[in-house]
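Student: I have a model open and would like to talk it through with you. Could we take it one question at a time?

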Amino acid sequence: MDAFLISTGLVALAEIGDKTQLLALLLAARFKRPWPIVGGILVATVLNHAAAGWLGNWLSSQVSEFWLNLALALCFAVVAGWTLIPDKLDDEPGLMERYGAFFATLVAFFIAEMGDKTQVATVMLAAQYDSLFWVIAGTTVGMLLANVPVIWLGNRAANTLPLTWIRRAAAAFFAVMASYALWRAFLLS
């Protein structure tokens with residue numbers, strides 16, 4: 001259950017102010033159909049995070065615990081710093097004009113998550129925890145917790161959130177995970 005709760009918390013915090021939140025806001029404004037957008041986010045996140053989780057799980061079986069924990073500590077520290085940098089949406093996906101809300105969201109979110117900090121976090125969490133299912137479930141719920149309110153509340157809520165403090169809290173959480181992984185690396189040596 002720790003894998004689920006920690007994965008949910010880390011991703012939900014890391015997503016605040018992320019480019020995928022901006023994408024959710026853009027899709028909500030464009031289509032004004034929240035349920036297909038939520039469905040697209042759900043399917044894209046499950047597919048993307050399942051692949052990332054599988055990679056992290058596979059890596060954990062290929063590397064000794066010492067090196068895995070050392071690499072996790074480094075990655076969590078990098079993601080902690082990365083979290084402090086605000087995201088911006090690069091450009092609007094061209095899919096929106098040709099396809100419906102569900103398909104446009106599915107493709108746009110899947111692509112937006114490639115190499116994103118939450119995908120990297122999913123790889124690291126799956127490498128750290130034995131339960132791949134609970135990591136993927138947690139990161140997916142965290143993604144939905146961060147993005148679904150944006151779809152319904154729109155700009156009003158986004159403009160009132162203390163994004164700097166939320167990014168700092170997420171970075172601190174990733175730093176704690178880095179410290180824990182470093183501690184485990186040297187505990188096992």
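Student: At 23% relative accessibility, does Arg 184 count as buried, partly exposed or exposed, and which is it?
Tutor: Keep in mind that this is a predicted model. Buried requires under 20% relative accessible area and exposed requires over 50%. Arg 184 has 23% relative accessibility, so the class is partly exposed.

Student: Which residue forms a salt bridge with Arg 184?
Tutor: The structure holds one salt bridge, and Arg 184 is part of it, with the closest N and O atoms 3.2 Å apart. The partner counts as partly exposed, at 44% relative accessibility. That partner is Glu 65.

Student: How many residues apart in sequence are the parts that this pair ties together?
Tutor: Glu 65 forms a salt bridge with Arg 184. Glu 65 lies in helix 4 (residues 65-83) and Arg 184 lies in helix 10 (residues 163-187), so the pair ties together parts whose separation in sequence is 119 residues.

Student: What share of the contacts with a separation of 6 or more comes from residues 24 or more positions apart?
Tutor: The protein has 10 helices and zero strands. Among contacts with a separation of 6 or more, residues 24 or more positions apart account for 92%.

Student: Which helix gives the most to the largest nonpolar core?
Tutor: That core has 23 residues, and Leu 23, Ile 37, Ile 41, Phe 109 and Ile 151 touch the most other members. Helix 2 (19-31), helix 3, helix 6 and helix 8 (132-153) each supply at least two of its residues. With seven residues, the one that gives the most is helix 2.

Student: Which residues does Phe 109 touch, leaving out those up to four places away in sequence?
Tutor: Phe 109 is among the members of the largest nonpolar core that touch the most others. Leu 23 and Ile 41 are also in that group, and both appear in the contact list of Phe 109. The full list is Thr 20, Leu 23, Ala 24, Leu 27, Ile 41, Ala 44 and Asn 147.

Student: Why is helix 7 described as largely enclosed by the rest of the structure?
Tutor: Helix 7 covers residues 117-128, and its end C-alpha atoms are 16 Å apart, which agrees with the span it should have at 1.5 Å a residue. Its buried residues include Lys 117, Gln 119, Met 124 and Gln 128. Helix 7 is largely enclosed because its buried residues number 11 of the 12.

Student: Which residues of helix 1 are buried?
Tutor: Helix 1 (residues 2-15) has 14 residues and reaches 20 Å from its first C-alpha to its last, close to the 20 Å expected. Just after helix 1, Gly 17 takes a positive phi of about 80°. The buried residues of helix 1 are Ala 3, Phe 4, Ser 7, Thr 8, Leu 10, Val 11, Ala 12, Ala 14 and Glu 15.

Student: Turning to the surface, which elements give two or more residues to the nonpolar patch?
Tutor: The patch has an area of about 860 Å², and its residues include Leu 42, Val 46, Phe 103 and Phe 110. Phe 103 is found in helix 6 and is partly exposed, with a relative accessible area of 38%. The elements that give two or more residues are helix 3 (34-62) and helix 6 (101-113).

Technical notes:
Residues numbered from 1 in each chain as written. Predicted model: local features only at pLDDT ≥ 70, side-chain atom pairs only at ≥ 80, totals over all residues. Heavy atoms only, no water. Patch = residues over 30% accessible without salt bridge, like charges linked within 9 Å, V, L, I, M, F, W, Y side chains within 5 Å. Areas by Shrake-Rupley, 256 points an atom, 1.4 Å probe, with all protein chains shown as cover. Salt bridge = Lys/Arg side-chain N within 4 Å of Asp/Glu carboxyl O. Helix = DSSP H or I, 4+ residues; strand = E, 2+ residues; numbered from the N terminus. Buried < 20%, exposed > 50% of the residue type's maximum accessible area, 1.4 Å probe, protein only. Expected span 1.5 Å × (residues − 1). Core = buried A, V, L, I, M, F, W, Y, C linked by side-chain atoms within 4.5 Å. Contact = heavy atoms within 4.5 Å.
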